[in-house]
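Q: Please explain how the terms applied to this structure are justified.

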Amino acid sequence: MCQHQPPCPTADSPDREAARLTAHHPEQGWSLLCNGVLLFEDTGELLPDGQIIAPHRPSAAGRVVKAA
């Protein structure tokens, strides 16, 4: 899919999220990368083969914030 030089990471690479944006729709909460990965704003992913990657954003659990 990717025509960039050097080519972007493939959809099955661990660094697949580093691929260039092909389409970006923040109002709908998703972006399409040039390797065919659909990246959602909650950090979930849909790979070209239909595999679902669950959201993996860092958890704020365990952090305590105190107001001054």
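A: The model is predicted. A residue counts as buried when its relative accessible area is under 20%. Arg-16 and Glu-45 are both buried.

Q: What makes the pair Arg-16 and Glu-45 a salt bridge?

A: A salt bridge requires a side-chain nitrogen of Lys or Arg within 4 Å of a carboxyl oxygen of Asp or Glu. The closest N and O atoms of Arg-16 and Glu-45 are 2.7 Å apart, so the pair qualifies. Arg-16 lies in the segment before strand 1 (21-25) and Glu-45 in strand 4 (residues 45-46), so the salt bridge ties together parts that are 29 residues apart in sequence. The whole structure holds one salt bridge.

Q: Why is Ser-31 called buried?

A: Ser-31 has a relative accessible area of 8%, and the limit is under 20%, so the term applies. Ser-31 belongs to strand 2 (residues 30-33). Beyond its neighbours within four places in sequence, its contacts include Leu-21, Val-37 and Leu-39.

Q: What makes the link between the side chains of Ser-31 and His-24 a polar contact?

A: The two side chains are joined at 2.6 Å, and the cut-off is within 3.5 Å, so the distance satisfies the definition.

Q: How do you know that the sulfur atoms of Cys-8 and Cys-34 form no bond?

A: A disulfide needs cysteine sulfur atoms within 2.5 Å. The sulfur of Cys-8 has its closest cysteine sulfur in Cys-34, at 3.3 Å, and is therefore too far for a bond. A search of the whole structure accordingly finds zero disulfides. Cys-8, at 13% relative accessibility, counts as buried, and Cys-34 is buried at 10%.

Conventions:
Residues are numbered from 1 along each chain as its sequence is written. This is a predicted model: local features need pLDDT of at least 70, side-chain atom pairs count only at pLDDT 80 or more; totals for chains, interfaces and linings use all residues. Side-chain values use heavy atoms; hydrogens and water are left out. Helices (H or I, at least four residues) and strands (E, at least two) are DSSP runs, numbered from the N terminus. Buried means under 20% relative accessible area, exposed over 50%, partly exposed in between (1.4 Å probe, protein chains only). A polar contact is a pair of N or O atoms within 3.5 Å; within protein, one must be able to donate a hydrogen and the other to accept it, and residues adjacent in sequence count only if both atoms are side-chain atoms. Contact means heavy atoms within 4.5 Å.
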